[in-house]
Amino acid sequence: LGLALYACGLCAVSGATFLYHDYCVIGAGPAGLQAAYFLQRAGRDYIVFERSHAPGSFFALYPRHRKLISINKQYTGKSNSEFNLRHDWNSLLTHDRRLLFRRYSRDFFPNADTMVRYLEDFASLLKLRVQYNTAIIHVTLEKNEQAWNGHYFLLTDQDRKNYKCSSLLVAAGTWVPNVVNFPGSEYVEGYETVSINPEDFTGQTVLILGRGNSAFETAENILGVTNFIHMVSRSRVRLSWATHYVGDLRAINNGLLDTYQLKSLDGLLEGDLEDLAIVKDKKGKLHITLRFYLENRNTSAGIDSITLPQDELDNFATRAPYDRVIRCLGWKFDFSIYNRSLRMMPGKGNIKKYPQIKPSYESRGTRGLFVLGTASHSVDFRKSAGGFIHGFRYTTRAVHRLLENRHHGVPWPSTVHPITQLTNSIIKRVNEASGLYQMFSVLADIILLRENATAFEYLEEYPIGVLAELEMQTGRKARNGLFVIIMEYGRNFSGADKDVFYYNRAVGEAQHAWQSNFLHPVIYYYKHLPTEREMRLRPPDWPLPRPNAIHHIVEDFLTDWTAPNAHILPLRRFLENCLGTDLRNFFAESCFLFAFTHQKLPPSCQQGYVRMQGLLGSQELRQHAVQAGLLQDYTHTDFSGDRPPESHHGSQEHLMRDHGIPLRPLQHLVNAKDE
């Protein structure tokens with residue numbers, strides 16, 4: 001069949017007329033619409049192909065019981081829109097405030113129909129160029145040296161219309177159900193078609209294959225009407241609060257764990273599904289046996305001729321017959337439409353349901369083909385949120401920025417600040433940035449130092465997997481060292497077997513910040529940009545290679561890293577040690593004194609006082625500084641005569657010595673009355 005399709009594809013291509021676009025996007029789900037938004041804002045030539053008559057067709061069917069498990073938090077106590085996105089797992093990124101998901105639903109776990117309506121409005125209000133009722137059935141390559149990537153992508157739809165594009169963005173998601181074939185699997189009902197009416201299960205005994213959220217969602221729906229429910233899977237149950245992975249079992253669906261552990265007939269079993277077999281008796285009951293019992297036996301002779309496990313082990317766990325068996329094993333990527341020339345290969349091991357891609361989200365087999373959305377989750381599977389809206393909305397933006405630099409010469413967005421703003425810039429981002437927070441250990445803020453560390457360039461939410469390629473991918477230079485800011489959980493805090501509620505689980509003292517368990521900011525300092533070899537040889541479970549210096553900001557119960565002594569002061573001292581400079585802010589009187597007593601002024605004096613900038617003192621401010629030990633009190637000192645005051649040298653050292661009392665930020669002083 002594959003050879004036939006390939007031959008037909010070649011024949012069709014030879015005499016076809018192609019409609020050209022720079023960018024083709026397959027799929028108008030959340031990731032496809034997010035990509036379309038950024039392409040449209042940049043004024044690019046693009047088209048989105050959607051097989052259904054409306055966007056978000058996956059959500060029109062799934063989840064079957066219609067309750068999403070993505071958080072829609074209405075209130076956070078803050079008005080900062082960027083911070084609030086940390087707790088809004090459904091909204092796409094847009095400038096239009098009408099398209100915040102909380103305007104569509106007040107439910108903490110919204111209904112899937114609301115998501116469909118939201119995506120329809122997102123596409124229509126922003127006038128995104130989506131071509132509906134267009135199912136792409138074949139994708140191949142055409143070599144061409146004039147193309148951006150050395151080839152064009154040729155697409156064919158169900159009506160044999162043909163399209164050509166320079167870059168292909170695949171945002172089709174994972175929608176093909178995972179199916180396990182074993183003897184008797186024809187008696188199994190799929191999650192995608194099983195009844196969602198609990199009355200259809202009244203008084204029945206049910207076996208569910210799978211142990212993810214779809215399996216527990218199905219069990220939760222029928223828990224109160226069945227005789228009992230058994231659930232079997234090859235792996236143990238993984239609770240999201242223990243693994244800190246939102247794709248694992250969420251509390252909203254785990255009612256069956258209660259009834260299992262409290263001995264109310266329901267139960268969980270572990271076993272390889274491929275070793276199972278199902279035999280149906282004359283009454284329509286389904287009996288579970290093992291595959292090897294059926295080998296070399298005539299199953300058509302009836303169940304009486306088949307050995308069942310309970311014949312040898314009379315307390316076999318699944319000896320009771322079942323009325324129904326339901327398959328809830330999730331989904332996988334559809335590889336069938338991609339020609340062999342694209343080399344779209346599945347991953348290995350537990351990521352085989354996803355296509356192989358680089359940390360830049362570009363296909364490993366074909367340049368110019370990027371995978372977005374859920375299908376790109378192989379980059380951070382079971383590590384971060386890249387397979388969900390609140391994660392891939394940021395990775396999609398990152399891919400767009402990479403493409404802007406590669407094809408249009410638009411460097412990665414950045415801002416330049418004087419070095420005196422370094423501490424403030426970091427504190428601001430770690431306290432409000434939603435991309436860092438959601439895509440922890442995957443996206444990072446990069447600070448590129450200028451010569452002599454007098455200024456820095458700030459890049460937001462760059463994929464750390466391609467840190468070694470930063471200069472090529474962003475158009476920015478990293479010649480004088482850099483800081484990398486990411487969010488991390490503790491090294492040994494996450495796992496299916498971890499007790500995350502143990503006593504003394506939290507760290508509260510700055511000197512023990514490196515032992516923090518909960519999500520917290522980590523700053524890596526490199527004197528030189530890490531190489532690809534260093535990235536490959538980084539320690540196991542480390543997101544980055546060993547840095548020249550590293551700093552953990554201690555975890556905070558409120559995720560509010562603004563405490564002067566616990567958060568800001570240790571960070572500032574770390575930055576000062578890396579840069580070999582003083583990042584404190586000084587009063588004009590102190591800068592004046594330093595100018596006469598030191599060969600080199602602190603940066604705040606160089607960039608403020610010397611340039612006739614800064615805050616003038618007042619009597620109240622001066623008195624406060626004296627009381628805090630920040631200034632010498634000269635009001636009662638006699639300066640008459642040739643001999644300088646004895647305390648003069650001491651006052652210099654006093655001013656330059658850090659007493660562990662952070663200087664009040666200038667914004668606290670702006671209301672003071674000038675002299």
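Let me start with one pair of residues, His417, which stands opposite Phe456 in strand 19. Please keep in mind throughout that this is a predicted model. The strands behind that pair are strand 17 and strand 19, residues 455-463, and they pair in the antiparallel sense over five bridges.

Moving outward to the whole sheet, we have six strands in an open arrangement, ordered 17-19-18-20-21-22, with antiparallel pairing. Strand 17, at 414-418, and strand 22, at 549-552, stand at the edges with a single partner strand each, so one side of each is left without a neighbour in the sheet. From one strand to the next, the twist averages 20°.

Now to the helices that pack on this sheet. Helix 11, residues 389-408, touches strand 18, at 443-449, as well as strand 19, and its direction makes about 120° with that of strand 19. Helix 16 also packs on the sheet, where it touches strand 18, strand 20 (482-488), strand 21 (520-526) and strand 22, and the direction of helix 16 makes about 175° with that of strand 22.

Helix 16, residues 564-579, has a helix partner too, since its axis and that of helix 12, residues 422-432, come within 10 Å and cross at roughly 130°, which means that helix 12 is oblique to helix 16. The crossing of these two helices is right-handed. On the helix 12 side the contact is made by Leu422, Thr423, Ile426 and Ile427, and on the helix 16 side by Ile568, Leu571, Arg572, Leu575 and Leu579. Sorted by character, the residues of this contact divide into seven nonpolar, one polar and one charged.

Conventions. Residues are numbered from 1 along each chain as its sequence is written. This is a predicted model: local features need pLDDT of at least 70, side-chain atom pairs count only at pLDDT 80 or more; totals for chains, interfaces and linings use all residues. Side-chain values use heavy atoms; hydrogens and water are left out. Axes are lines fitted to C-alpha atoms, for helices over the stretch in contact, and angles run from 0 to 180 degrees between N-to-C directions. Helices (H or I, at least four residues) and strands (E, at least two) are DSSP runs, numbered from the N terminus. Angles under 35 degrees count as roughly parallel, over 145 as roughly antiparallel, 65 to 115 as roughly perpendicular and the rest as oblique. A crossing is left-handed if the near helix is turned anticlockwise from the far one by less than a right angle, and right-handed if clockwise. Contact means heavy atoms within 4.5 Å. Ala, Val, Leu, Ile, Met, Phe, Trp, Tyr, Cys and Pro count as nonpolar, Asp, Glu, Lys and Arg as charged, and the others, Gly among them, as polar. Two strands pair if DSSP finds at least two bridges between them.
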